[in-house]
Amino acid sequence: MKEKLKIGLLGLGTVGSGVPTILAEHREKISQVTGMDIVVSKALVRDEKEKQYQSERFDIELTTDIEDIINDEEISIIVELIGKIEPAKTYITKALESGKHIVTANKDLLAQHGGELVALAQRNHCDLYYEASVAGGIPILRTIANSLAADDIQKVLGIVNGTTNYMLTKMVSEKQTYEEALAKAQELGFAESDPTNDVDGIDAAYKMVILSQFAFGMNIDLKQVDIRGIRGISSDDVAIASQLGYEIKLIGSSEKNDGGIAVEVAPMLVAAAHPLASIRDEFNAVFIYSAGVGESMYYGPGAGAKPTATSVVSDIITIAKNIRLGTTGHMFNEYQHDTKLTANDAIFGKYYFSIEMPDKPGQILKLTKLMAEANVSFDQLLQQKSDGMRAKFATITHTISKAQMLEVTKQIEKIADFELLNTLKVLEG
């Protein structure tokens, strides 16, 4: 008879229920890979009656008291799937102090307190794994930490929020407004009743903090990420992007340059030839440019019970192997580097400006003069429409620095009869 490895599960919701399902469906394979029989023995829930079906189906003992799991000496691994900062941080801290290994999918917690928890795990010779915290079912963190360990990563670009990608897809394919696309996403359960974290780019920023740690070994604070969501994206922006040969996507970007990195989350114009332009609906993708491999992209579902639970169980399997080999206590991400941010004058790209101005002679000349004074030139210029009084223009610049973009933005906003509608970075194919 094989050794039994018991799991304590915090949260038995959508993803939580997927964990015992995956363990049961692939029991034979998992047993062969780990040499153990892995089972969920206890689960922390808010209401035992609500989860009675799962309890009976998988023979899981339910509890509403975290101490029942932490103090159970037979439980070796605790899986945290309740989300948010608290009480998850308190529970994980207590578990690590009690010598329990941890698997979590809590991106909010890891982005804000990951360093503290990793250090605590090290002190207690415990494993802490969190593959499911970024891009759901895509094994991107393990790929960076292991498969690309010998490579020099230069750039990581990600569509890592399924809600906003679904919304932008509908705005492109079905000509929906921002408000219509949000309402549909909420109806389908892709967006919460309060969609702030998704539409304002905060969820994607948490994930880019974690991706930056893995790709560049640098610990970035959320305040050091330039964050902008999709609230300001209009149907006009989507239409004009299409005319210019682009699609608008919410992109998380972490790029190494001049010895430092620049981390950003913002809607960007993505050239139709770029692989990220093809990502539709609620799917996620992470595009990596590295010195050795060159360009590679990792695509799949960013959420959902089975995809996310599969990533969680993969972490459980890794820890089970470590327990069997007596090699627990190593960091998931061993790569560490001094954190340095790239200055704005060393960050380069093309930029899209959408401007409303009086429909009368001399206005384009005024814009051209302003751009020339900032040493910025046009790559493309397009008049979108006019009502006879006001006209909308869109321009894409040649490659400039972020510092130049900010200066142009400031100067346009100083012109009384000009209205700057949007400024977006451009990703070429």
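## A binding-site residue

Let's start with Glu192: in its unreviewed entry, UniProt gives this residue the annotation "binding site". Before going further, keep in mind that the model you are looking at is predicted. To find Glu192, go to the loop between α9 (178-187) and α10 (196-199). Is Glu192 buried or exposed? Its relative accessibility is 56%, so Glu192 counts as exposed, the cut-off for that label being over 50%.

## The ACT domain

The unreviewed UniProt entry also has the feature "domain: ACT", which it places at residues 352-429. In the model, 45% of that span is strand and 31% is helix. If you look at the two ends of residues 352-429, their C-alpha atoms are 15 Å apart.

## A negative patch

Now for some surface charge. Six residues, Asp47, Glu48, Glu50, Glu61, Asp65 and Asp68, form a negative surface patch.

Take Asp47 as a way in. Asp47 sits in the loop that runs between β2 (36-44) and α3 (52-58). With a relative accessible area of 31%, Asp47 is partly exposed. A residue has to be over 30% to join a patch, so Asp47 meets that requirement.

## Salt bridges

How many salt bridges does the structure hold? The count is 24. One of the pairs is Lys170 with Glu174, whose closest N and O atoms are 3.1 Å apart. The two partners get separate labels: Lys170 is buried because its relative accessibility is 14%, under the 20% cut-off, while Glu174 is partly exposed at 45%.

Some charged residues join up in a network instead of a simple pair. Which residues are they? Lys107, Asp108, Asp203 and Lys207 are linked by salt bridges in this way.

## Bridges between distant parts

Next, look at Asp200 and Arg231, whose side chains meet in a salt bridge with an N to O distance of 2.6 Å. This pair ties together distant parts of the chain, 31 residues apart: Asp200 is in the loop between α10 and α11 (202-216), and Arg231 is in the loop between β8 (226-227) and α12 (235-243). Asp200 is partly exposed, with 23% relative accessibility. Arg231 is partly exposed too, at 44%.

Asp226 and Lys402 form another salt bridge, and their closest N and O atoms are 2.6 Å apart. Here the partners are 176 residues apart, so to speak two distant parts of the chain, with Asp226 in strand β8 and Lys402 in helix α15 (residues 402-414). Lys402 also falls inside the span 352-429 that UniProt marks as "domain: ACT". Asp226 has a relative accessible area of 34%, which makes this residue partly exposed. Lys402 has just 11% and is buried.

## A buried alanine

Last stop: Ala241, in helix α12. Is Ala241 buried or exposed? Its relative accessible area is 0%, so Ala241 is buried.

Ala241 is also a handy spot for comparing sequence with space. Ala241 and Ala394 are 153 residues apart in sequence, yet their C-alpha atoms are 9.1 Å apart in space.

Terms used: Residues numbered from 1 in each chain as written. Predicted model: local features only at pLDDT ≥ 70, side-chain atom pairs only at ≥ 80, totals over all residues. Heavy atoms only, no water. Patch = residues over 30% accessible without salt bridge, like charges linked within 9 Å, V, L, I, M, F, W, Y side chains within 5 Å. Areas by Shrake-Rupley, 256 points an atom, 1.4 Å probe, with all protein chains shown as cover. Salt bridge = Lys/Arg side-chain N within 4 Å of Asp/Glu carboxyl O. Lys, Arg positive; Asp, Glu negative; His and termini not counted. Charge placed at Lys NZ, Arg CZ, Asp CG, Glu CD. Helix = DSSP H or I, 4+ residues; strand = E, 2+ residues; numbered from the N terminus. Buried < 20%, exposed > 50% of the residue type's maximum accessible area, 1.4 Å probe, protein only. UniProt positions renumbered as here; feature names shortened; annotations may be inferred.
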